[in-house]
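Here is a set of short exercises, each with a worked solution. Keep the viewer open and try each task before you read on.

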Amino acid sequence: MSEARSRLLGTATELFYAEGLHSVGVDRVIADAQVTRATLYRHFPSKDDLIVAYLTQADEAIRTRVDAARAQGADSDDIIRAVGQAIADDIQRTGFRGCAFLNAAAEYPDPRHPVHQAVLKHRQWFLATLVELFTGTGKIDAEPAARHFVMLRDGAMAAGCLTDPKPIGDTFLRGIEGLLTYRSRQEPAT
């Protein structure tokens, strides 16, 4: 990635997350990144392309965290806990404004729009990853458990920027522990 592209994407990431996608115009990104309009459009043909790149970068960061949790060689339960802990930690981060993907979906509700498509792509991957992890626990109902995890996460991400994030993160982790503890083991096929 060129230095100018990196600076543009870094600037856009900070502004989009802090102020919202629609409220930040390309002129602001150009000014804050200290590049020319031609440089912006050489790297990102439209503002939508810049937003999709911002979301793609956020998606890659989350995938990296999940991969890091898997690389620890732990069992599926502990990987799920590690993913949950990373989310709870994120909620308590200074400047936390909720989930970049949920925020983007709220600003771009048309499911055919490229920004909304980027959100859906990330969410589909995240759900599929959790289904895989919950399947690895050997318990029944992996898909409903994964959906429940995502729903808990979405609620925690929304609530975490509205009030004291500490009890939100604690409640989220408690919910994950419930998903891991209070499901039955799957009987082996005979």
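A residue counts as exposed when its relative accessible area is over 50%, as buried when that area is under 20%, and as partly exposed in between. Please keep in mind that the model is a predicted one.

**Exercise 1. Two residues with an unusual backbone angle**

Task: Find where Q34 lies and decide whether Q34 counts as buried or exposed.

Solution. Begin with the location: Q34 sits in the loop that links α2 to α3 (37-43). Next, look at the backbone, where Q34 shows a positive phi of about 55° although it is not a glycine. Finally, apply the cut-off: the relative accessibility of Q34 is 66%, so Q34 counts as exposed.

Task: Do the same for D141: what is its place, and how does its accessibility class come out?

Solution. D141 belongs to the loop between α7 (114-135) and α8. Its phi is positive too, at about 60°, although D141 is not a glycine. With 47% relative accessibility, D141 counts as partly exposed.

**Exercise 2. The overall layout**

Task: Count the helices and strands of the protein, then describe its extent.

Solution. The count gives nine helices and zero strands. Reading from the N terminus, the order of elements is therefore α-α-α-α-α-α-α-α-α. For the extent, the C-alpha trace spans about 65 × 40 × 35 Å along its principal axes. Burial comes next: 42% of the 190 residues count as buried. As a last step, take the contacts between residues at least 6 apart in sequence; 69% of them join residues at least 24 apart.

**Exercise 3. Annotated stretches**

Task: Which residues does UniProt assign to the feature "domain: HTH tetR-type", and what is the helix content there?

Solution. The unreviewed UniProt entry places this feature at residues 2-62. Over residues 2-62 the chain is 79% helix and 0% strand. The end C-alpha atoms of that stretch are 23 Å apart.

A further annotation in the unreviewed entry, "DNA-binding region", covers residues 25-44. Here the chain is 75% helix and 0% strand, with 13 Å between the end C-alpha atoms.

**Exercise 4. Helix α1 against helix α2**

Task: Classify the packing of α1 and α2 from the angle between their axes.

Solution. Two packed helices are described by the angle between their axes and the distance between the axes. For α1 (residues 3-19) and α2 (residues 26-33), the axes come within 9 Å and cross at roughly 125°. Angles from 65 to 115 degrees count as roughly perpendicular and those over 145 as roughly antiparallel. The two helices are therefore oblique to each other. Their crossing is right-handed. On the α1 side the contact uses R7, L8, T11, A12, L15 and E19, and on the α2 side R28, V29, D32 and A33. By type, these residues divide into five nonpolar, one polar and four charged.

**Exercise 5. Helix α5 and its two partners**

Task: Work out how α5 is oriented relative to α9, and then relative to α8.

Solution. Take α9 to start with. The axes of α5 (residues 76-91) and α9 (residues 165-181) come within 9 Å and cross at roughly 165°. That makes α5 roughly antiparallel to α9. The crossing is right-handed. From α5, the contact draws on D77, I80, R81, G84, Q85, I87, A88 and I91; from α9, on P165, G169, F172, L173, I176, E177 and L180. These residues divide into nine nonpolar, three polar and three charged.

Now turn to α8 (residues 142-159). α5 and α8 pack at about 15°, and their axes are 10 Å apart. That makes α5 roughly parallel to α8. This crossing is right-handed as well. In α5, I80, V83, G84, I87, D90 and I91 meet F149, R153, A156 and M157 of α8. The tally is seven nonpolar, one polar and two charged.

**Exercise 6. A residue of α9**

Task: Is L179 buried or exposed, and which residues does it touch?

Solution. L179 is found in helix α9. Its relative accessibility is 8%, so L179 counts as buried. Leaving out residues up to four places away in sequence, L179 touches F134, A145, H148, F149 and L152. As a check on distance, L179 and T135 are 44 residues apart in sequence and 12 Å apart in space, C-alpha to C-alpha.

How values were computed:
Residues numbered from 1 in each chain as written. Predicted model: local features only at pLDDT ≥ 70, side-chain atom pairs only at ≥ 80, totals over all residues. Heavy atoms only, no water. Axes fitted to C-alpha atoms, helices over the stretch in contact; angles between N-to-C directions. Helix = DSSP H or I, 4+ residues; strand = E, 2+ residues; numbered from the N terminus. Parallel < 35°, antiparallel > 145°, perpendicular 65-115°, else oblique. Left-handed = near helix turned anticlockwise from the far one by under 90°. Contact = heavy atoms within 4.5 Å. Nonpolar A, V, L, I, M, F, W, Y, C, P; charged D, E, K, R; others polar. UniProt positions renumbered as here; feature names shortened; annotations may be inferred. Buried < 20%, exposed > 50% of the residue type's maximum accessible area, 1.4 Å probe, protein only.
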